[in-house]
Amino acid sequence: MRTLTTMALALWNTLVGMGITIKNMLLRPRITLQYPDERHSLPIGSRGIPVLLSDEQGELKCIVCELCEKICPVRIIEIKWHRDDQTRKKVLDEFNLDASRCMLCGLCAEVCPAEAIAMSDHYELASFDLPSLVYDKEKLQQLGLPQKTPIVNFAIKTEG
């Protein structure tokens, strides 16, 4: 008698489990994606690689204050500049960011007084070629150019 009760209970539990599975398959919306063919749309404020932002004329907003370079805890930002002889302003020559070591902490974007750097929605940075993960000024500007949203929580959404 005990064996029959155990078997009936196992059958009942199996049917209940199958019912829950079928109900979830048919009645609930799908929450998984077929990555990499399909990708989630990240919310505004998500933190991907930092990018350089430009003004309406396409010029970089960076004023070469070097605060982002100084505050970066892992020292992955390298800035080189020279002073213009006529205007006496700093001119940005190089802005390199080693994305292979970036913690995506956002301190560089948070400290920027000109809102020239922001965290982007580019988060797929995997590569077998480590030197390709060092982004220069032009590449960072290109990533930040298709800015779709204003800066929210030190981050932007791009078309990327």
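Of the 160 residues in the protein chain, 29% are buried. I should state at once that this is a predicted model. The overall dimensions belong beside that burial figure. The radius of gyration of the protein chain is 25 Å, whereas a compact globule of 160 residues would have a value near 15 Å. The C-alpha trace spans about 100 × 30 × 25 Å along its principal axes. As for contacts between residues at least 6 apart in sequence, 65% of them join residues at least 24 apart.

Let me turn to the secondary structure. The protein chain contains four helices and five strands. Read from the N terminus, the order of the elements is α-β-α-β-β-α-β-β-α.

I shall concentrate on strand S3, residues 90-98, and on its partners. How many bridges join S3 to strand S2? Strand S2 covers residues 77-83, and the two strands pair in the antiparallel sense over seven bridges. One pair to locate on your screens is glutamate 78 with its bridge partner in S3, asparagine 96. S2 and S3 form a hairpin, with six residues between the two strands. Within that turn, arginine 88 has a positive phi of about 65°.

S3 also pairs with strand S5, residues 134-135. This pairing is again described as antiparallel, and it comprises two bridges. Here aspartate 98 has valine 134 in S5 as its bridge partner. As a general remark, side chains in a regular strand alternate between the two faces of the sheet.

That brings me to the second largest pocket, where S3 appears once more. The space in this pocket amounts to about 150 Å³. Which element gives the largest share of its lining? That element is S3, with three residues. Helix H4, spanning 137-144, likewise supplies at least two residues of the lining, as does S3.

The lining in full consists of Glu59, Leu60, Cys62, Val64, Lys90, Val91, Leu92, Lys137 and Gln141. What is the chemical character of these residues? Five are nonpolar, one is polar and three are charged. For those who work with such calculations, the principle is familiar: rolling a probe the size of a water molecule over the atoms shows where empty space is left.

To draw the parts together, S3 pairs with S2 over seven bridges and with S5 over two. S3 also provides three residues to the lining of the second largest pocket. Thank you for your attention.

Notes: Residues numbered from 1 in each chain as written. Predicted model: local features only at pLDDT ≥ 70, side-chain atom pairs only at ≥ 80, totals over all residues. Heavy atoms only, no water. Pairing = 2+ DSSP bridges. 1 Å grid on protein atoms, 1.4 Å probe; cavity = no way out; pocket = protein on both sides within 12 Å on 5 of 7 lines; lining within 4 Å. Points joined across faces, edges and corners; volume = space filled by probe spheres on them. Nonpolar A, V, L, I, M, F, W, Y, C, P; charged D, E, K, R; others polar. Rg over C-alpha atoms; globule rule 2.2 N^0.38 Å. Buried < 20%, exposed > 50% of the residue type's maximum accessible area, 1.4 Å probe, protein only. Contact = heavy atoms within 4.5 Å.
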